[in-house]
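Here is a briefing on a two-chain structure. Have the sequence and the model open side by side as you read.

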Amino acid sequence: MEVPLLKQGDFLIATIQAALTDADLLHLRTALVQQVVKFRSRGVIVDVTSLDVMDSFASRTLREVAQMIRLRGAETVIVGIQPDVAFAMVQLGLKLEDVTTALDLEEGLAHLSRRSTNGV
Amino acid sequence: MFIVCLNMHTFDDTTGVESMTRINSSPEGAQVQDEYIETAESSRPASVLLRELVAHLRDNRTQLREEWARRITEAKLLTAMTKDEIFAEATSVYDNYVEALETGTFEALQAYARNLSERIIPRGVETDEVVGIVLLLRDVLARSLFAKYQTDFTKLNRILDAYEPAANRIANTVAVGFVQERERIIREQQEAIRELSTPVLQVRERLLILPIIGVIDSQRARQLTEQLLRGIRTNRAKVVVIDITGVAAMDATVANHLVQTVEASRLLGATVIVTGLSPEIAQTIVNIGVDLGKMNTVGDLQGGIEQAERLLGYKVVPVVETP
């Protein structure tokens, strides 16, 4: 299942709508890293609201996405992690260190906008 | 008590001595006693037989007690208790049992059953075990009666007539006592849980406070985490102040849980500030080797709220009165 990437002003939004296979995740990673430069986006939001499971591969891939996008000159925010998922992740030691997280899409956008206005 | 009464009604019907209304109108304690004597008198030599029975049980106390304890172990009941404990309890249950048979009053037995339940419930003894051991005692005693009177069937019959109703009532009393005690404990625990439940309070837009007071065990810690993470979502909180001034100490598991809660909150996009760590808890957290860089801690609740306000961009300015 492919994840649609939406360009919204300076930002790129990827909304995951169903459980993804490992191949889908890798595809998402490649697509995001390519598009972020193509659209000259300053921020990327990955929305995982509909995920009720986050395994180690998914969280590692998301972390890699954040790191790669940073190298490409933009910032990533993961939004919409469910409370249960969050606690399960922490218990499994999947802490998404040094990745910015936010409550939902709105918060994520607010965070990125704040960043870019401060930066200018 | 209630089931005992019910049992007596059926018991009554067979002997046809008393009407139900009469039993219901009489005070409870007196009723039990009355009833017992009534049945003892209804077949004249019953009280004599009961005395003989009690004497028999007294004479063979050691042997029957041992036999009972052995049957309990064989049936794998009371596995939570050691052999010596089972024997000690068996002895006192036995003595109370015989006393109840002799006097026909169950108050002492009831009190003992309550006391016993109080001691064994925390050790995980189940209702079926208690019922099981009382029934075993009944069987052991009945068998000894069979052995004693096997040559005289008429007498055996009359002895059993006297023994059985009393034994059944004793079994009922003990079982009901146990269940009532259990229910009382459950009620108490429910109350305790309700009292301990911790509110997640919103003090400003996007700022939550979670004051924790009392002892935290791992179950309560889980409950707290759940409430907090839900609260963050529903209130769209950005900053949470967890105040643990009221927690004297916590073990490594719970401290670890606290740290995990902080991290899970971050995944939801909220910053957690922990305030009021006691020296002991600080020690525990250092001992479990948490990366303190991620823990945002402030000395007291006031400091925590001030920092939270700074993070949210609030500025509290005193109102200057114009002279």
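Q8(A) stands opposite F11(A), a residue of β2(A). That pair belongs to a hairpin formed by β1(A) and β2(A). The model is predicted. The points below start at this hairpin, cross to chain B and end with the unusual backbone angles.

**Chain A: the hairpin and what follows**

- β1(A) and β2(A), residues 11–15, run antiparallel and are joined by 4 bridges.
- The hairpin has 2 residues between its strands. G9(A) sits in the turn and has a positive phi of about 60°.
- P4(A) lies in the segment before β1(A), which covers 5–8. Is P4(A) buried or exposed? P4(A) counts as exposed, because it has 10 C-beta neighbours inside 10 Å and the cut-off for exposed is 12 or fewer.
- P4(A) and Q17(A) are 13 residues apart in sequence. Their C-alpha atoms are 9.1 Å apart in space.
- β2(A) also pairs with β3(A), residues 43–47, in the parallel sense over 5 bridges. T15(A) has D47(A) in β3(A) as its bridge partner.
- Helix α1(A), residues 22–38, joins β2(A) and β3(A) in a right-handed β-α-β unit.

**Where the chains meet**

- In the contact between the chains, 13 residues of chain A touch 12 residues of chain B.
- On the chain A side, α3 (83–91) and β5 (100–102) are the elements that give two or more residues.
- α3(A) provides the largest share of that side, 6 residues.
- By type, the chain A side divides into 9 nonpolar, 2 polar and 2 charged residues.

**Nonpolar cores**

- The largest nonpolar core has 71 residues. Which of them touch the most other members? They are V44(A), I78(A), A86(A), V240(B) and L268(B).
- Helix α11(B), residues 252–267, gives the most to this core, with 7 residues.
- Another core, of 40 residues, lies apart from it. Its members include L57(B), I72(B), I86(B) and V98(B).
- Beyond its neighbours within four places in sequence, V240(B) is in contact with seven named residues: L208(B), L210(B), L228(B), I232(B), S265(B), A270(B) and V272(B).

**Chain B: overall make-up**

- Chain B has 13 helices and 5 strands.
- Of its 323 residues, 34% count as buried.
- Take the contacts in chain B between residues at least 6 apart in sequence: 78% of them join residues at least 24 apart.

**Chain B: strands around β3(B)**

- β3(B), residues 239–246, is mostly covered, with 6 of its 8 residues buried.
- β2(B), residues 207–213, pairs with β3(B) in the parallel sense over 6 bridges. I213(B) has G246(B) as its bridge partner in β3(B).
- β3(B) also pairs with β4(B), residues 271–275, in the parallel sense over 5 bridges. Here the bridge partner of V239(B) is T271(B) in β4(B).
- β2(B), helix α10(B) (residues 218–235) and β3(B) make a right-handed β-α-β unit.
- β3(B), α11(B) and β4(B) make a right-handed β-α-β unit as well.

**Chain B: helix α6(B)**

- Why does the length of α6(B), residues 83–103, agree with what a helix should span? At 1.5 Å a residue, its 21 residues should span 30 Å, and its end C-alpha atoms are 30 Å apart.
- The buried residues in α6(B) are I86(B), A90(B), V93(B), Y94(B), N96(B), Y97(B), V98(B), A100(B) and L101(B).
- An α-helix has 3.6 residues a turn, so residues three or four places apart point the same way.
- Just after α6(B), G104(B) takes a positive phi of about 75°.

**Positive phi outside glycine**

- Most residues other than glycine have a negative phi.
- D98(A) is not a glycine, yet has a positive phi of about 45°. D98(A) is in the loop between α3 and β5 of chain A. D98(A) is exposed, because 9 other C-beta atoms lie within 10 Å.
- K76(B) is likewise a residue other than glycine with a positive phi, near 60°. K76(B) is in the loop between α5 (61–74) and α6 of chain B. K76(B) is exposed, with 9 other C-beta atoms within 10 Å.

Terms used
Residues numbered from 1 in each chain as written. Chains lettered and ligands numbered in written order. Predicted model: local features only at pLDDT ≥ 70, side-chain atom pairs only at ≥ 80, totals over all residues. Buried ≥ 20, exposed ≤ 12 C-beta atoms within 10 Å, placed from the backbone. Contact = placed C-beta atoms within 7 Å. Core = buried A, V, L, I, M, F, W, Y, C linked by C-beta atoms within 7 Å. Nonpolar A, V, L, I, M, F, W, Y, C, P; charged D, E, K, R; others polar. Expected span 1.5 Å × (residues − 1). Pairing = 2+ DSSP bridges. Right-handed = clockwise from strand over helix to strand, strands pointing away.
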